[in-house]
Amino acid sequence: MLDGEILESILASPLPPPPDPSQTVRRILARKQEFGITRLGSVTDLDRVGIPVVQVVRPMSRSVTVNQGKGLTFPQAAISGLMESLEGWASERVPGERIEFAGFRSMNKEGYWSHLAEDRECNETLAWIKGWELFSSRQVDVPLALVDTAYTVPSPHPRWLPRNTTGLAAGTSLQQAISHACFETLERHARCAAMRMPHFFDRYQLDSRSVLLGTAAEIVGRLFSEGFAVGIWSIPSEHDLPVYWCHVMETAEKPPLAPWPAEGFGCDRTHDGALTKALLEACQSRLGVISAAREDISGHLYGYQSAKDLAAWRRQLAVSGLPYPSADRSAPNIHSPQTPLEALRLAGAKAAIVVVLFSDDSIPLHVARLVTPPLETNPELNDGR
């Protein structure tokens with residue numbers, strides 16, 4: 001683990017410019033045997049959208065074997081998919097010397113983990129790993145179950161501890177990895193809140209035709225030209241950073257490849273950045289279903305689809321909702337003055353703890369896990385649809 005002062009110094013430095021993605025891809029693939037990667041391949045042409053999407057196969061994974069990546073170019077998609085696969089690789093292999101076993105009560109003196117134990121009188125012995133708390137600049141013990149992704153059977157962790165990948169991120173710099181982890185955490189926390197909002201899809205829908213500027217507008221235009229309906233919802237939050245929820249769905253004009261709407265989510269400093277993320281993720285999600293290679297995709301997506309339900313949702317996507325915030329050319333997207341860490345605090349995080357899992361500047365590749373108690377960040381637990 002990096003010394004806390006060194007980590008703080010790195011995060012205080014300006015974000016370095018990203019290296020050439022093609023060069024980073026070549027360096028990762030040169031070490032593919034070490035990482036257990038057996039295949040990097042494009043699945044883009046399985047769909048008619050044309051957004052580059054790749055799949056990365058790591059057969060000995062202890063979680064998901066097939067990961068995906070997306071981007072506006074093939075090198076961007078390739079680095080996206082490889083980074084997602086390597087997040088799992090690093091988080092499955094936490095060195096034993098970094099793990100400590102101790103009772104829950106003795107390691108929960110600050111109360112960061114009280115929400116996990118619910119009403120139980122808990123002093124169970126757990127595995128712990130040290131992280132660096134960014135709000136207070138000090139070392140904190142974190143339950144290993146919130147950090148690793150070794151989803152073996154039987155589980156090495158008690159069943160009452162949540163397991164998910166929120167806040168697990170990789171990048172070509174540590175700043176990039178942690179920034180990505182912050183945005184993902186904020187996005188998933190917002191999704192949890194949206195699922196509890198009465199009539200969310202009616203109240204917060206935007207008019208997709210009002211997206212006229214930026215990269216997001218280019219993607220929406222491409223989708224329209226290829227015969228897709230696009231639904232966009234702005235998720236309200238406690239902070240100033242935009243969060244978007246998108247649906248991409250084929251219209252009734254052609255026989256569908258994947259009838260159900262594909263979802264995508266995004267949070268970023270600008271509206272264009274957040275909406276672009278959400279749209280790219282929706283296009284990637286479609287190809288996850290069409291390729292049928294992801295073992296974590298629910299089986300109902302391949303089953304019988306009600307024509308009545310599909311038609312009803314197409315009508316919903318066609319609703320003229322609120323205008324997109326940057327529809328006016330005289331009001332371009334402006335960077336929010338808030339940092340992602342400030343946004344996490346406003347969202348209710350009592351701590352923002354970073355656990356660095358892997359760092360190698362020769363690639364460059366950095367993997368980190370961000371844990372933000374007591375934020376709710378697992379939307380799948382709330383998804384009753």
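What follows is a walk through this predicted model, from its sheets and helices to a few individual residues. Because the model is predicted, local features need pLDDT of at least 70 and side-chain atom pairs count only at pLDDT 80 or more, while totals for chains, interfaces and linings use all residues. Residues are numbered from 1 along each chain as its sequence is written, and side-chain values use heavy atoms, with hydrogens and water left out.

Let's start with the sheet of strands 1, 2 and 3. This is an open sheet of 3 strands in the order 1-2-3, with antiparallel pairing. Strands here are DSSP runs of E with at least two residues, and helices are runs of H or I with at least four, both numbered from the N terminus; two strands pair if DSSP finds at least two bridges between them. Strand 1 (39-42) and strand 3 (66-70) are the edge strands, each with a single partner, so one side of each has no neighbour in the sheet. From one strand to the next the twist averages 25°, where angles run from 0 to 180 degrees between N-to-C directions and axes are lines fitted to C-alpha atoms, for helices over the stretch in contact.

Now for the pairing itself. Strand 1 is joined to strand 2 (residues 53-57) by 4 bridges, the two running antiparallel, and Arg39 stands opposite Val57 in strand 2. On the other side of the pairing, 5 bridges tie strand 2 to strand 3, again antiparallel, and Gln55 sits opposite Gln68 in strand 3. In a regular strand the side chains alternate between the two faces of the sheet.

What packs on this sheet, touching strand 1, strand 2 and strand 3? That is helix 4 (residues 74-91), whose direction makes about 145° with that of strand 3; contact means heavy atoms within 4.5 Å. As for strand 3, 4 of its 5 residues are buried (under 20% relative accessible area, with exposed being over 50% and partly exposed in between, using a 1.4 Å probe and protein chains only). Strand 3 is therefore largely enclosed by the rest of the structure.

The other sheet to look at is also open, with 4 strands in the order 8-9-10-11 and antiparallel pairing. Its edges are strand 8 (205-206) and strand 11 (262-267), each with a single partner strand, so each has one side without a neighbour in the sheet. Strand 10 (residues 243-250) and strand 11 run antiparallel and share 6 bridges; Trp245 has Phe265 in strand 11 as its bridge partner.

Helix 7 lies across strand 10 and strand 11, at about 120° to strand 11. Helix 7 (residues 174-196) has 23 residues and spans 34 Å from its first C-alpha to its last, close to the 33 Å expected at 1.5 Å a residue (that is, 1.5 Å times one less than the number of residues). Of those 23 residues, 18 are buried, so helix 7 is largely enclosed by the rest of the structure.

One residue that touches Cys192 is Asn378, which also contacts Asn164, leaving aside neighbours within four places in sequence. Asn378 sits in the segment after strand 13 (365-371) and is buried, at 15% relative accessible area.

For a helix-helix pair, turn to helix 9 (residues 214-225) and helix 10 (residues 271-291), which pack at about 30° with their axes 7 Å apart. The contact involves Gly214, Thr215, Ala216, Ile219, Val220 and Leu223 of helix 9, and Asp272, Leu275, Thr276, Leu279, Leu280 and Cys283 of helix 10. An α-helix has 3.6 residues a turn, so residues three or four places apart point the same way.

Finally, some backbone oddities. Most residues other than glycine have a negative phi, and most peptide bonds are trans. Val153 to Pro154 is a cis bond with omega near 0°, and Pro154 lies in the loop between strand 6 (138-143) and strand 7 (168-171). Ile363 and Pro364 are also joined by a cis bond, with omega about -10°; Pro364 is in the loop between strand 12 (353-360) and strand 13. Ser137 has a positive phi, near 55°, and is partly exposed at 38%. His199, in the loop between helix 7 and helix 8 (200-203), has a phi near 55° and is exposed at 59%.
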